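Grab a pencil and work through a few exercises on helix packing and charged pairs. Try each task before you read its solution.

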Amino acid sequence: MADRLVWGNASLTFEFEWSADAAPRIASASAGPVRLVMPPGLPLVDVVTANEGHASASDRLVHSVVGQEARYSRHSEQILDGTRTLELTVECPCSGIEITSRFTMLDDIAAIRSEVLVLNMGLKPIVLRSVTSLTAYIGGALTGAVRDWNVHHGLNDWLGEGRWVNEPLDDTQFPSLGEQLTTHNPRGEFSVISSGTWSTGKHLPVAGISSRQLGASWAWQIDHNGAWRWEIGSDTANGYLALSGPTDTDHQWTKVLQPGESFPTVPAVLALSGDFTTAVGELTKFRRRTRRTHPDNTTMQVVFNDYMNTLGGDPTADKLLPLVGAAAQVGAEIFCIDAGWYDDSGDWWDSVGEWRPSSTRFPDGFGRVIRLIRDMGMVPGLWLEPEVVGVRSPIANELPDNAFFQRHGQRLVEHGRYHLDLRHPAARAYLDDVVDRLVADFRVGYLKLDYNINPGAGTDCQADSVGAGLLDHNRAHLDWLDGILARHPNLILENCASGGMRSDFAMLSRLQLQSTSDQQDYLRYPPIAAAAPLTMLPEQAANWAYPQPSMSNEEMAFCLSTSLLGRFYLSGHIDQMSDDQRALVTEAVFAAKGIRSQVARSVPLWPLGLPSWDDKWVALGLSTGDNLLTAVWNRGSAEPAVLELPHLAGMSLIIDTVFPRYLPTWETLWDPTTARLHIDPGPTPIGARVFRLGAVTPSRRAQQIENGDDVTTTRKVSIQ
């Protein structure tokens, strides 16, 4: 006789089932009209240990001996301030392990966060090799179910972030093997794995699957700033999903639990909806509600940074002073001095770590530039790469060896840098002193935290394994960030790692914005900008806008539009521009300030589908219900674009140009019956526009009729 527990909120409900002969599992999931039923066979958590591995040999995260022997022990529920929590505990008598799954839901959001705690209740040490944060069948047909679904996942690279792939989980990935004749599950899987300390260096910990046949989509994220793995597999019973932090097989991770010791997994979040875009919207809402509270979350001040296509890591007082004045003139609110401000030699890469201003670059004192930034009404900011110390830095000899990543007693060196180990109190104390000193001496209100090396799987210094050393460092790093913000609650922290090489939500739940790329070709940036809200909140996506005096007005508008549907992040030689060019930049800054409150409460959608790297047309929409901001980039198409906006079907719309308002009009034609917006850029081969689409209310309709406009099907935007 099976026991069942129905738990959830008004948007998402799970049904858990267990019995005396079977471990607790997810038996069904429902979100609105979507209902997925799962067969028996897959427990909530799988734990692979050294002395009890897989029940059937494979490299999968699932089908562990421990998972199969787990039996229900107890559960508890709590509701507090709109947050629902379920803790469900199982015991594994043969292993001496107790496992508690902690599920969290927020009211009105169709997403669940899962964390797992493994406790050694026995008398002998237990060696963990992998622990899933969540496992579940995906639901649907019981035979070949995984082949009903498509997988959506992102590829990342330096300069090429967020290249999303939509591919079927068909016979190429999951051929029909006749496994039912063997009575055993297959042994393969579709797995995506992080590599080293760049948590998003190659792949993204955010992904999803969708089935048109079932009208359902799962989307998930693993909230970890280090090693992780997610996998999709096919059993004889159903397709499954497993989410995990580091593992022995993939990341050289093992953890020894002494009697009475426990191990917590990294968190994972799973959302369910009718389609992938809506499921990503649920993740977006969950991110917004669970990120750290900070004044900048909603103020979203405009940032000018001197690096990209401008000073390139070579700031001096003479170069900065005119830029500071120009940035203030166009309306920037933060001025960040990027890399190089600490360098006296001209070759600073392997000498960083002391973080004191250069005297040769600033002969009249660094404070002169900082004072000018503040006098111009802007917040001063600095670039910092806190986790590294150059091999030529004096700090390298001041800190003990154990304050750095090591292998077999030797410090790890990567690209001329040592890597600090933030488990060590001396490393943390040093970085605390650096940040506190910069804030105190220069009243810095903004730090760009960069991270430009990947030292590999981790450190074996005072650790059960290389991967365990890295995981503990990752957690110490997050704790260090929390400490900074506790001491300096108004300090704005930017996340950067050679662009987007560490853009996971463990970092972004704490930090206020994310530099999305180091891509310097403005024509290549739109796919990165359009895909960014899949991984982060729209208001965190700092897509560079770096207009130049050599650009035409349309090229400048293209470049500036890239940053508008996110955190406006400006660079470029604006001090060398003509008055007309600077007016266009000022217009973009003014537009960014006018829409940022809408950006900060929006969910993303993609009216042309998820962008491909070489698409001629790229579009991103940010929706707040019946109002939509849409950025549209034309990268050389002679044909009009047709945007699909099914959520606005049947509505009459007012379509306004947000930016640029003083360049030639792009013709727009809205058809409410097909929910398609036709956009014709005319003879412009390269260009971009940002539109606002608003539903026509009775008062707005009356005003439009009075003005003689047809608001039912057509709205031509006019230039003032």
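Below are three exercises, each followed by a worked solution.

A word on the ground rules: this is a predicted model, where local features need pLDDT of at least 70, side-chain atom pairs count only at pLDDT 80 or more, and totals for chains, interfaces and linings use all residues. Residues are numbered from 1 along each chain as its sequence is written, and side-chain values use heavy atoms, with hydrogens and water left out.

**Exercise 1.** Work out how helices H9 and H10 are oriented to each other, and which residues make the contact.

*Solution.* Start with the elements: helices are DSSP runs of H or I with at least four residues, strands are E runs of at least two, and both are numbered from the N terminus. H9 covers residues 425–442 and H10 residues 466–487. Next, fit lines to the C-alpha atoms over the stretch in contact and take the angle between N-to-C directions, on a scale from 0 to 180 degrees. The two axes come within 11 Å and cross at roughly 30°. Angles under 35 degrees count as roughly parallel, so H9 and H10 are roughly parallel to each other. Their crossing is right-handed (the near helix is turned clockwise from the far one by less than a right angle). Finally, look for heavy atoms within 4.5 Å: H9 brings Arg428, Leu431, Asp432, Val435 and Asp436, and H10 brings Ala476, Asp479, Trp480, Ile484 and Arg487. By class, that contact has five nonpolar, no polar and five charged residues.

**Exercise 2.** Find what ties Arg567 to Asp296, and decide whether Arg567 is buried or exposed.

*Solution.* The test for a salt bridge is a side-chain nitrogen of Lys or Arg within 4 Å of a carboxyl oxygen of Asp or Glu. Arg567 and Asp296 pass at 2.6 Å, N to O. Arg567 sits in the loop between helix H13 (553–561) and strand S34 (569–570), and Asp296 in helix H4 (residues 296–299), so the pair ties together parts 271 residues apart in sequence. Now accessibility: buried means under 20% relative accessible area, exposed over 50%, and partly exposed in between, using a 1.4 Å probe and protein chains only. Arg567 has 0% and counts as buried; Asp296, at 2%, is buried too.

**Exercise 3.** Do the accessibility step for the salt bridge between Arg74 and Glu98.

*Solution.* This pair meets at 3.3 Å, N to O. Arg74 lies in strand S6 (residues 71–80) and Glu98 in strand S8 (residues 97–106), so the bridge links parts 24 residues apart in sequence. Arg74, at 39%, is partly exposed, whereas Glu98, at 10%, is buried.

Definitions and conventions: Angles under 35 degrees count as roughly parallel, over 145 as roughly antiparallel, 65 to 115 as roughly perpendicular and the rest as oblique. Ala, Val, Leu, Ile, Met, Phe, Trp, Tyr, Cys and Pro count as nonpolar, Asp, Glu, Lys and Arg as charged, and the others, Gly among them, as polar.
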